Amino acid sequence: MARVLIIIPAYNEAGNIEKVIDDLTTNYPQYDYVIVNDGSTDATKEICRENHYHVLHLPVNLGIGGAVQTGYRYAWENDYDLAVQIDGDGQHDVSFLQDMIAYMDEQGADCVIGSRFVRKEGFQSSGLRRTGIQFLSILGFILTGVRVRDITSGYRLVNRKLIRVFALDYPADYPEPEAMVIAAVYGGRIKEYPVVMRERENGTSSINLKRSVYYMVKVTLAMLIRRLSFGVRRQK
Amino acid sequence: MIPRPLQITLSIAVVCYFIIILYYLKRRMLELKYTLIWLAAGVVMGIMIYFPELLVRFARMLGIESNMNGLYILCIAFILMILMTLTAIVSRQQMKIRTLIQEISMLEKRVREMESNAGNMEGREK
C-alpha cells in the first residue's frame, strides 16, 4: 500500500478547515494529511492547535506556491510515495483520490491532475475565466506537447519523482500552470482525470478580475521562461 | 579639457565618495561583495576626471557626437547595471528566505510533536 500524503495549503481558512479535516479523518483515514498554515492572520492556527491537527505553521506568509512547496518538502523528508495537493476551502472532493491513484498506476503517469473540464460536471467557473484557462492550456500544449485542459486545477497527485522535483523547484505565486511545465520538462508524464469540483462556501477565490491581467501576463511569461531554460538544464 | 578648479572639486567629491564607502565597510554596514561595483564606479570616475579624452574617444567609438550625451549614456548604463544586480540579490535572498521559512515550519512541527510526546511520557510516569 502506497503511503499517500494530502497537502492542504491554508491561508485564513478558519471557516473551512475543520470541515475539510473532519471529512478526511473520518472518511479517509488511510491517507495522511498535512495542513500548511501560510501565516494566517485569522484563527486557523488556534483551530489547528486545539484539534491537534497535523500542521506546518509558516511564520510568515509565503503565498500559495511557497506553502504547497513546504508540503512537498515534508512529503520528501518523510518518504511518502504519493503526494496530492487539495485546496483548504473544500473545493476538492477527496473521494476521487482512490480512482486517481488507480488511474496513475494504470497509465504509468507521474502526475494526475483532477480536471473539471474532461466531463464538464459540477462547478465550471465563469466564461471569461474559462477562456483564460483555455489559452494557458493551449500554451502549455505548445510548450510541452501535453494537453492539460484544466491547467489551473490545484487538485494534483504526484509520485516520488515529482515530489522531489517540486520540493526543490516550485513557482512562488500562481504556480499551477508553471508547475505543469516544470513537471513536463523534468520528464514527468502528466495525465488528467475527471473530477467534480464544488463551489467554495466560505472566503473568496484568490484571483479576482482586477488581478487577472497580471495573472495572465505573469503566468504566460513564467511558462515561456521555464520552457526556454530547459535547454540549459538538459546539458547538465 | 576640464578646467583645473572643476577638476579639484570633482577630485574632492570622488575622495568623499570613497571615504563614505570605506566608512560603511568599516562599520560592517555594507558587505564588501556588494560594494565592489561601487568601488569600481569610483575608480572609473577618478580616471575620467584626469583623462576626460578617454571618455570622448569612447563616445566617438560608439558613434555619439556630443560629449555630454556620452557621459549621460555611460552613467545611465552603469546605474541600470547596478539596479539589475540589486534585483538579482533581492531575488536570491527571497529564495533563501523561502527555504528557511519552510525548514523552520518543519522543525517547529517536530519540536511540537517531541514536546507533546515528552509530556505524555511524564504523565504516564506519574
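**Figure 1. Helix α6 of chain A lies across three strands of the sheet in this predicted model**. The strands beneath α6(A) are β4 (82-85), β5 and β6 (156-159) of chain A, and the helix runs at about 105° to β6(A) (angles, from 0 to 180 degrees, are taken between N-to-C directions of axes fitted to C-alpha atoms, for helices over the stretch in contact; helices, H or I, of at least four residues and strands, E, of at least two are DSSP runs numbered from the N terminus). Helix α2 (residues 44-51) of chain A lies across β1 (4-10), β2 (32-38) and β3 of chain A. The angle of α2(A) to β2(A) is about 150°. Residues are numbered from 1 along each chain as its sequence is written, while chains are lettered from A and ligands numbered from 1 in the order of writing. In this predicted model, local features need pLDDT of at least 70 and side-chain atom pairs count only at pLDDT 80 or more, whereas totals for chains, interfaces and linings use all residues.

**Figure 2. Seven strands of chain A form an open sheet with mixed pairing**. Their order is β3-β2-β1-β4-β6-β5-β7 (strands pair if DSSP finds at least two bridges between them). At the edges stand β3 (55-58) and β7 (190-194) of chain A; each has a single partner strand, so one side of each lacks a neighbour in the sheet. On average, neighbouring strands of this sheet are turned by 20° against each other, direction ignored.

**Figure 3. Strands β5 and β7 of chain A pair in the parallel sense**. Strand β5(A) covers residues 111-115, and its pairing with β7(A) extends over 5 bridges. Opposite Val112(A) stands Lys191(A) of β7(A).

**Figure 4. Helices α3 and α6 of chain A cross obliquely**. The axes of α3(A) (residues 64-77) and α6(A) (residues 160-168) come within 8 Å and cross at roughly 130°. The two helices are therefore oblique to each other (under 35 degrees is roughly parallel, over 145 roughly antiparallel, 65 to 115 roughly perpendicular, the rest oblique). From α3(A), the contact is made by Gln69(A), Tyr72(A), Arg73(A), Ala75(A) and Trp76(A); from α6(A), by Ile163(A), Arg164(A), Phe166(A) and Ala167(A) (contact: C-beta atoms, placed from the backbone, within 7 Å). These residues comprise 6 nonpolar, 1 polar and 2 charged (nonpolar: Ala, Val, Leu, Ile, Met, Phe, Trp, Tyr, Cys, Pro; charged: Asp, Glu, Lys, Arg; polar: the others, Gly among them).

**Figure 5. Helices α5 and α7 of chain A pack roughly parallel**. Between α5(A) (residues 127-144) and α7(A) (residues 176-185) the angle is about 20°, and the axes are 10 Å apart. Leu136(A), Gly140(A), Leu143(A) and Thr144(A) of α5(A) meet Pro177(A), Met180(A), Val181(A), Ala184(A) and Val185(A) of α7(A). The residues of this contact are 7 nonpolar and 2 polar, with no charged residue.

**Figure 6. Helices α1 and α2 of chain B are roughly antiparallel**. The axes of α1(B) and α2(B) (residues 32-50) come within 10 Å and cross at roughly 170°. The residues in α1(B) are Gln7(B), Leu10(B), Ser11(B), Val14(B), Tyr17(B), Phe18(B), Ile21(B) and Leu25(B). In α2(B) they meet Leu32(B), Thr35(B), Trp38(B), Leu39(B), Gly42(B), Met45(B), Gly46(B) and Ile49(B). By class, the contact has 11 nonpolar, 5 polar and no charged residues.

**Figure 7. Chain B touches chain A**. The contact takes 8 residues from chain B and 12 residues from chain A. On the side of chain B that touches chain A there are 3 nonpolar, 2 polar and 3 charged residues. The predictor gives the complex an ipTM of 0.83 and a pTM of 0.83. The pLDDT of chain B averages 87, and 96% of the residues score at least 70 (pLDDT is the predictor's confidence in each residue, from 0 to 100). Among the elements of chain B, α1(B) (residues 4-26) has the highest mean pLDDT (92) and α3(B) (residues 52-62) the lowest (85).

How values were computed:
Contact = placed C-beta atoms within 7 Å.
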